Amino acid sequence: MKLSLPANISRLRKERSMTQEQLAEALGVTFASVSKWERGVSTPELNLIAEMADLFEVSIDALIGYAFRNNDKESTVARLKQYVHDRNGDDALSDVEKALRRYPNCFDVVYHSARIYRVRGLYQKNPAYSKKALALYQRACALIGQNEDPEVSEIFIRNTMAEIHLALGEYDKGLEILKRNNPCRLNHSVIGHTLASSCGDSESALPYLSIALLDLSASHLRIVMGYAAVYCKTGDYQNALALLDWALAFYPGLRKPGTRSYMDKSEAVLWALRADTLLSMDRKEEAISSLRRAKTVALHFDEAPNYDAANIRFVSYQTPITIFDDFGDTAILGVDGAIADCGKSKLSELWRRIRNEPNG
């Protein structure tokens, strides 16, 4: 609990245009005593605090700077959640320790206290705080049955502990946890990065990084298509176009020169979505150009379809990996489906016309 009696005495005295000597005379004390109070060197006795409160016409609570706080479990957890965003305020740590003493077996208190110590350890480069966070996260795992936050799981907590070990330079411990808690290849990117950058084991890192890159390409497409749908439904076509242009710039960098890959199908679909966006902005000629680009990319892939992940640049993996999608048997059918899903007759008519143009 942080009180502010020295500052409040000084402020209230000045608001009433009183000198330190005048306040001392009113209270029957020495000038030196008032000076020490305002500098925080000493504290006035309780009866003098009460006299000053009466003199300044404020409550004792207001004079000493005390604010009542509700310390029930819910209020305590709410305060801890706020402290997480304060990177350096060590005053919060005393409150954290009080909360842990008061509610030692409450998951929310233990978990959010761990988060606070983790942040302090990271930004203040304080290993002791990081170790404290690890101990608290371990206790939180034992209390996980109380957890009601769907975004928090034991795997999530374990992986957070792994990140702390990595930050402490304890790479073996961190990697062991990451590999044990890796559903759906969740930790491949972190494992690959750690092996390559911190452990100097490039050979072991490449398979993890390759799979992470393939997963990234799939996530990238889903995120872009989701955003595009949101922006188009809300009429925010400028953002939809900016997003699609950014996404389309992603593909050339992953294309191995002289090869075809499943990403060509994804690219063709995005060109079709770009045409839909441009048409909604009354930019018909640019929409036509995008549709022609969609057709060119799709036909190029369909000439020699290839779903081998090895045709993606940077991917290095000994076991063959085949990619599957739900766009249809061919890229051109994928574009057909994307156009149909847009449900716009003008777009469908333009595509029908362009699709039937001679190839050349």
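Thr160 is buried, with a relative accessible area of 7%, and it makes a handy way into this predicted model. Thr160 sits in helix α10, which covers residues 154-167. Setting aside residues up to four places away in sequence, Thr160 touches Arg118 and Tyr137. From there, this briefing moves on to the cores, the long helix α13, the pocket and cavity, and a handful of loop and surface residues.

**Nonpolar cores**

- The largest nonpolar core is made of 50 residues, and Leu270, Leu291 and Val335 have the most contacts inside it.
- Two or more residues of this core come from each of α13 (202-233), α14 (237-248), α15 (263-280), α16 (284-303), α17 (331-342) and α18 (345-355).
- The biggest giver is α15, with ten residues in this core.
- Who does Val335 contact, leaving aside its neighbours within four places in sequence? Its partners are Ala268, Val269, Ala272, Ala294, Ala298 and Trp351.
- There is also a second, separate core of 31 residues, which includes Ala114, Val119, Leu143 and Ile164.

**Helix α13 and what follows**

- What span should the 32 residues of α13 have at 1.5 Å a residue? The expected value is 46 Å, and the end C-alpha atoms of α13 are 45 Å apart, so the two agree.
- After α13 comes Gly235, which has a positive phi, near 75°.

**The largest pocket**

- The largest pocket holds about 390 Å³ of space.
- It is lined by 19 residues, of which Ala229, Leu273, Ala338, Asp341 and Cys342 are the closest to its centre.
- At least two lining residues of this pocket are supplied by each of α13, α14, α15 and α17.
- By class, the lining of the largest pocket has eleven nonpolar, three polar and five charged residues.

**The cavity**

- How many cavities of 30 Å³ or more does the structure hold? There is one.
- The volume of the largest cavity is about 30 Å³.
- Its lining consists of Tyr251, Leu254, Arg255, Ser261, Met263, Asp264 and Glu267.
- Sorted by class, the lining of the largest cavity comprises three nonpolar residues, one polar residue and three charged residues.

**Loop residues with positive phi**

- As background, most residues other than glycine have a negative phi. The next two residues are worth a look with that in mind.
- Glu57 has a phi near 60°, a positive value in a residue other than glycine.
- You will find Glu57 in the loop between α4 (46-56) and α5 (60-64).
- Is Glu57 buried or exposed? With a relative accessible area of 72%, Glu57 is exposed, because the cut-off for that class is over 50%.
- Arg185 also is not a glycine, yet its phi is positive at about 60°.
- The loop that holds Arg185 runs between α11 (171-180) and α12 (188-197).
- Arg185 has a relative accessible area of 43%, so it counts as partly exposed.

**Glu357, after the last helix named here**

- Where is Glu357 placed? Glu357 belongs to the segment after α18.
- Its relative accessibility is 24%, so Glu357 counts as partly exposed; the buried class requires under 20%.
- Not counting neighbours within four places in sequence, Glu357 is in contact with Arg292 and Lys295.
- Glu357 and Glu267 are 90 residues apart along the chain, and their C-alpha atoms are separated by 20 Å.
- Glu267 also appears in the lining of the largest cavity.

**Two more positions to locate**

- Glu151 lies in the loop between α9 (127-142) and α10, and α10 is also the helix of Thr160.
- With 70% relative accessibility, Glu151 counts as exposed.
- Between the C-alpha atoms of Glu151 and Asn187 there are 16 Å, with the two residues 36 apart along the chain.
- Arg11 is part of helix α1, residues 5-15.
- Arg11 is partly exposed, at 38% relative accessibility.
- How far apart are Arg11 and Thr259 in space, C-alpha to C-alpha? They are 75 Å apart, with their positions 248 residues apart in sequence numbering.

Terms used: Residues are numbered from 1 along each chain as its sequence is written. This is a predicted model: local features need pLDDT of at least 70, side-chain atom pairs count only at pLDDT 80 or more; totals for chains, interfaces and linings use all residues. Side-chain values use heavy atoms; hydrogens and water are left out. A nonpolar core is a set of buried Ala, Val, Leu, Ile, Met, Phe, Trp, Tyr and Cys residues joined through side-chain atoms within 4.5 Å. Buried means under 20% relative accessible area, exposed over 50%, partly exposed in between (1.4 Å probe, protein chains only). Helices (H or I, at least four residues) and strands (E, at least two) are DSSP runs, numbered from the N terminus. Contact means heavy atoms within 4.5 Å. The expected span of a helix is 1.5 Å times one less than its number of residues. On a 1 Å grid over the protein atoms alone, a cavity is a set of points where a 1.4 Å probe fits but cannot get out, and a pocket is an open set with protein on both sides within 12 Å along at least five of seven lines; lining residues have an atom within 4 Å of a point. Grid points are joined across faces, edges and corners, and a volume is the space filled by probe spheres set on the points. Ala, Val, Leu, Ile, Met, Phe, Trp, Tyr, Cys and Pro count as nonpolar, Asp, Glu, Lys and Arg as charged, and the others, Gly among them, as polar.
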